[in-house]
Amino acid sequence: MLRRFLIARSMDPVKAAKMFIDWKKWREEFVPLGYIPDSQVPDQLESKKIFLQSLSTNGHPVMIIKTNRHFAPDDQLQFKKFVVHLLDKTIASAFKDGREIGNEKLVAVLDLGNIGYKNIDARALITGFQFLQSYYPERLAKLFILSMPWFFVSVWKMVSHFLEKATLDKVVIVSNEDEHNSFIKEIGMETLPEEYGGRAKLVAVQDVKLDQCSVVD
C-alpha cells in the first residue's frame with residue numbers, strides 16, 4: 001500500500017507521506033465503518049448501472065459502468081459514498097482467503113452506448129477520477145471507454161483537464177476494430193459479458209456477495 005503512494009508521488013517520500021496522512025484522515029472521517037454498506041447508497045444502486053465481473057486476463061477485477069442508466073444525482077454526498085462503495089467492493093472482489101489476488105489494480109469499462117444528453121454528468125466523472133487519484137493511488141490499471149458519441153467529445157475534453165498525466169495514460173478510447181480486439185483480449189472472453197463479445201453474463205454490483213468490503217484500511 002505504501003508503495004502505491006510513493007509511485008503516485010514520483011517516489012518523493014515527503015509528498016508520499018503527506019498523501020498517506022491525508023488519505024488516512026479522510027478514510028477515518030468519510031468511511032468510519034471501514035466500508036460503505038448498501039443501505040447508505042440505495043438511490044445509486046436502484047438503477048443497476050454498475051456491474052462487477054471476475055478477473056481480467058492480467059488478473060484485475062473488472063467493473064463495467066452503463067452510462068445510459070445514470071442520471072445526475074440530487075444527493076451529491078450519497079454519490080460520493082457510492083464511488084467509495086464501488087471502488088472498495090471492486091478491490092475486495094480480488095481478495096481470497098484474506099490475500100489480494102487481483103494484482104492490486106482494477107480495470108474499468110465506461111460504456112457510453114445509447115446515452116442521451118440527460119445521462120451526461122461531467123461532475124460525476126470528475127468526482128470519480130478525483131477519488132481515484134487522491135484516495136486510491138495506483139489502483140487503476142486501465143479504463144476503456146466504449147461507444148463515445150460525437151456530442152460527448154467536448155465533455156471528455158473538459159473532464160480530462162482534471163486528470164493527472166499518469167491517469168490519462170491509462171485511458172483507452174475504443175474507436176476501431178483493432179482497439180476493440182485488444183479490449184476483448186485484455187478483459188478475456190470468460191470475463192467479458194456476451195453483449196461485448198465475450199461469454200460471461202453481466203453481474204450487478206449489488207448481486208456480488210463478498211466476505212468483506214473493507215480492503216484499504
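1. Lys24 and Glu28 sit 4 residues apart in helix α2 (residues 13–30), so about one helical turn separates them. In this predicted model, the two side chains form a salt bridge, with 3.7 Å between the closest N and O atoms. That value falls inside the criterion because a side-chain nitrogen of Lys or Arg has to lie within 4 Å of a carboxyl oxygen of Asp or Glu. Lys24 is partly exposed, at a relative accessible area of 42%.

2. Helix α2 also packs against helix α5 (residues 122–135). Two packed helices are described by the angle between their axes and the distance between the axes. For α2 and α5 the angle is about 120 degrees and the axes are 9 Å apart. The two helices are therefore oblique to each other. The range counted as roughly perpendicular runs from 65 to 115 degrees, and roughly antiparallel begins over 145, so an angle of about 120 degrees belongs to neither class.

3. Which residues make the contact between α2 and α5? From α2 come Met19, Trp23, Trp26 and Phe30; from α5 come Phe131, Gln133, Ser134 and Tyr135. By class, the contact residues comprise 6 nonpolar and 2 polar, with no charged residue. Gln133 and Ser134 are the polar ones, because neither is on the nonpolar or the charged list.

4. Asp207 and Lys48 form a salt bridge whose closest N and O atoms are 3.9 Å apart. Asp207 lies in the segment after α8 (177–187), and Lys48 lies in the loop between α3 (42–46) and β1 (50–55), so this pair ties together parts that are 159 residues apart in sequence. Both partners are partly exposed: Asp207 has a relative accessible area of 47%, and Lys48 is at 38%. The class follows because partly exposed covers the range between buried, under 20%, and exposed, over 50%.

5. Lys165 pairs with Asp169 in a further salt bridge, the closest N and O atoms being 2.8 Å apart. Is this pair buried or exposed? Lys165 is exposed, with 62% relative accessible area, and Asp169 is exposed as well, at 52%. Elsewhere, Arg3, Arg4 and Glu104 are joined into one network by salt bridges that share partners.

6. As for the overall count, the search of the whole structure finds 14 salt bridges. Among them are Lys24 with Glu28, Asp207 with Lys48, and Lys165 with Asp169.

Methods
Residues numbered from 1 in each chain as written. Predicted model: local features only at pLDDT ≥ 70, side-chain atom pairs only at ≥ 80, totals over all residues. Heavy atoms only, no water. Buried < 20%, exposed > 50% of the residue type's maximum accessible area, 1.4 Å probe, protein only. Axes fitted to C-alpha atoms, helices over the stretch in contact; angles between N-to-C directions. Parallel < 35°, antiparallel > 145°, perpendicular 65-115°, else oblique. Contact = heavy atoms within 4.5 Å.
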